[in-house]
Amino acid sequence: MFSYHIIKTTVASFFFKFFCVLNTNLFVKQKFYVFSGQEGNDMNRNKLNDEELLQILFNTNWSDSEDGLDNSDHEQDLNNVQIPEHVDYPTNVNDEVSFDLLDLPVEMQFDTGETLILPSDSKSNLTYQNQNTTPRRSIRQAFSSPTESTSNTTNQSHSRPKEKNIELTNLKWKKGNLITPSACLKFNEPTLHNDLLSLETPLDFFAYFFNNELLIKIKEETELYSVQLNPNKPVTLSIDEIKRYLGICIYASVLHVPKIRDYWSVDLGFPLIYNTMSRNRFELIKSVLHFNNNATMLLPNNPNHDRLHKLRPIIDHLNNRFSSIPCKETLSLDEQLCATKAKSYMKQYLPDKPHKWGFKLFILTDTQGYAYRFEIYSGQENNPIFRKTTEPDFGASSNVVIRLTRNVPVNSNHKIYFDNYYTAIPMMEYLYNKNIYSLGTVRLNRLPNCPLPDKNQEKKMKRGDSIEYITSYKSAPISAVTWKDNKAVKLVSTYCGEIPKSEMTRFDRIKKSNIIIDCPMLIKEYNKHMGGVDLLDSHIGRYKIRFRSHKWYMRLFYHLIDLTVVNSWTLFKRVKEIKKENSNIELADWRKQLAFTLIQSGQIRTSGRGRPSSSLEVKIASTRPQSFRPIKEVRTDKFDHWPQITDKRERCKMPSCKGFTYLKCTKCTVFLCLNRNKNCFTNYHM
């Protein structure tokens, strides 16, 4: 009885759905013929298949009336009304108008000869620099009816994205030139705090980034990981052993051998490496080196899963230390490749790089190659867990710029440069509201309604010709320029445009001689300040750690060590420039001194209070070059310095000492006097 009732109910519901679908089919076909202007007797000749029927069913707005009397389709287009130029805008307070060029903190020059010159003390940006208020310039929507205002208040959550898209797609461009007053671009160079100015040696600068806090974290996680691998054979590490391991890695970036074990071989071995640590101990540390607890890693199906969990403490710590250095005026943002052959989901293919395969990094640098912040590509760029609640969502490429510029000071007139992968008008307007000017190459499909020449029109342009169009999006002035060199290039800026132009020399293959062509200002600015990441790549690529590993995160760890070494060297040159001292030290020598200090120093010397005494260092540096000179940290660490009697007699290396001796320090490997008349051995190590 129960089965019969179920069958009866199923059959009844089937016939009900059948008649509903049949009536819907006829109704949709009738609407189709009404829309297309066909008569009802044509239904037999123009039948719809199932795909066309479903497409019309889901794409048709069934709330609209067919006679057009109750709700007209044109009522939805009030925001898109095109107002002729000769019509005056309403001046009442309650009337809504479009943007006002007089509110732009720029100078506008049009082809008609009209010029709008704003004074250098324009309040649009100067008041914003001193007050935490938004610029007074804004773009408002065109005329809206009372019915629309009430409907927008009821459906506010759904109307905001639509209004934003309409505002972007309805940009109106006009020929002209964008010139920002010099007062709005004024930048005050930040000063480094005293802790940075007191740093002297390579170890001091490297330890500022790779400090004891990070070393203790690595020690704890490595010992925990060794217990997780094999509880019966735990590995115990010390901070000095981790420093020696890092020193060997940095030495290996300068001394290249075919395999890692060759550093401990008889024919290719290097004494400073095999005397520091045994080969088995080095390989043991390399096998268990770890940076985060695997037990806290979420499963891949968890929405909060972090693909960089194994390196997250290293990434966060280095980003915090790198960004603690005050930013310079001009910054550049680009991608970097960490070459690897490891099997990983995050490995990318970049055909324009020297090494095609590897991990991709997004880096923010200055013109000297110092990296203020970096981000490793993991495919989770649009995950909300990596975006703050106060940050907008502009898409994957633009969100990278928003995250990397979090620590850039606002209202300081910084300038940032990037390529066409990141350039987008909404993102540039967001930076402009923080008084961060931007300039970058752009793709034409990211400039709605912009009348810049297309590919066919670009062929008619002569070499050196340029065209500029200006507009305003919300609170930001936008300038788009096309310039023809060997090929046409398009750029967008929020602070400069085509003028003032300069001249540059190019080789003409037809005339077989150099010619002079015009160069717009933003081209000159872009070429001058965009090479920071490329300069950083050259520094890392010249000397880098080449250790191979089956673990994907170890390749990234070695890359971050190289990045830290280059940053310490760049910061050293910046400090010496501020002190107006000589900073003529090459990167290879910097790596060698840092590696020697790490593998030899028993402890890191902490500078005491007061002015440090460097008279002995000055005397040592003033003497003639020696075959070998120990680093200051090694010479004064008071650890493992023993006199050794040799068969060879040499001059004492103590400054201002002219004696000869047979005694040599076993650690510093320099000859020093030690007798009842002179005690150069003790004085040298104080």
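Student: Is Leu331 buried or exposed in this model?
Tutor: In this predicted model, Leu331 has a relative accessibility of 2%. Buried means under 20%, so Leu331 counts as buried.

Student: Where is Leu331 found?
Tutor: Leu331 is found in strand β5, which covers residues 330–339.

Student: And what is Leu331 in contact with, leaving aside its neighbours in sequence?
Tutor: Leaving aside neighbours within four places in sequence, Leu331 is in contact with Leu364, Thr365, Asp366, Tyr372, Val408, Lys415, Ile416 and Tyr417. One of these, Ile416, is also the bridge partner of Leu331 in strand β9.

Student: How many bridges join β5 to β9, and how do the strands run?
Tutor: Three bridges join strand β5 to β9, and the two strands run parallel. Strand β9 is also joined to strand β10, residues 436–441, by five bridges, and this pair runs parallel as well. Within that second pairing, Phe418 stands opposite Gly440 of β10.

Student: Why is β9 described as largely enclosed?
Tutor: Strand β9 comprises residues 414–418, and five of its five residues are buried, so the rest of the structure largely encloses it.

Student: Which residues of β9 lie on each side?
Tutor: His414, Ile416 and Phe418 are on one side, while Lys415 and Tyr417 are on the other. These residues are all buried, and both faces of the strand are therefore covered.

Student: Changing topic: which helix is largely enclosed by the rest of the structure?
Tutor: Helix α7, residues 202–209, is largely enclosed, because seven of its eight residues are buried. The buried ones are Pro202, Leu203, Asp204, Phe205, Phe206, Tyr208 and Phe209.

Student: What covers those buried residues of α7?
Tutor: The cover includes helices α6 (194–197), α12 (312–322), α18, α19 (587–600) and α21 (632–635).

Student: Which helix gives the most to the largest nonpolar core?
Tutor: The largest nonpolar core has 128 residues, and those with the most contacts inside it are Phe374 and Phe557. Helix α18, residues 552–579, gives the most to this core, with 15 residues. In soluble globular proteins, nonpolar side chains tend to be buried together.

Student: What does Phe557 touch?
Tutor: Not counting residues up to four places away in sequence, Phe557 touches Phe210, Leu246, Leu289, Phe291 and Leu311.

Student: Which residues does the second, separate core include?
Tutor: That second core has 11 residues, including Cys652, Cys665, Cys680 and Phe681.

Student: How many cavities of 30 Å³ or more does the structure hold?
Tutor: The structure holds two cavities of 30 Å³ or more. The second largest contains about 40 Å³ of space.

Student: What lines the second largest cavity?
Tutor: Its lining consists of Ser323, Cys327, Leu364, Tyr372, Arg373, Leu404, Asn407 and Val408. By class, the lining of this cavity has five nonpolar, two polar and one charged residues. Leu364, Tyr372 and Val408 in this lining are also among the contacts of Leu331.

Student: What about the protein chain overall: how many helices and strands are there?
Tutor: The protein chain has 22 helices and 17 strands. Of its 686 residues, 45% count as buried.

Student: Which share of the contacts comes from residues 24 or more positions apart?
Tutor: Among contacts with a separation of 6 or more in the protein chain, residues 24 or more positions apart account for 63%. As for positions in space, Leu331 and Gly531 are 200 residues apart along the chain, and their C-alpha atoms are separated by 9.5 Å.

Notes. Residues numbered from 1 in each chain as written. Predicted model: local features only at pLDDT ≥ 70, side-chain atom pairs only at ≥ 80, totals over all residues. Heavy atoms only, no water. 1 Å grid on protein atoms, 1.4 Å probe; cavity = no way out; pocket = protein on both sides within 12 Å on 5 of 7 lines; lining within 4 Å. Points joined across faces, edges and corners; volume = space filled by probe spheres on them. Nonpolar A, V, L, I, M, F, W, Y, C, P; charged D, E, K, R; others polar. Core = buried A, V, L, I, M, F, W, Y, C linked by side-chain atoms within 4.5 Å. Buried < 20%, exposed > 50% of the residue type's maximum accessible area, 1.4 Å probe, protein only. Helix = DSSP H or I, 4+ residues; strand = E, 2+ residues; numbered from the N terminus. Contact = heavy atoms within 4.5 Å. Pairing = 2+ DSSP bridges.
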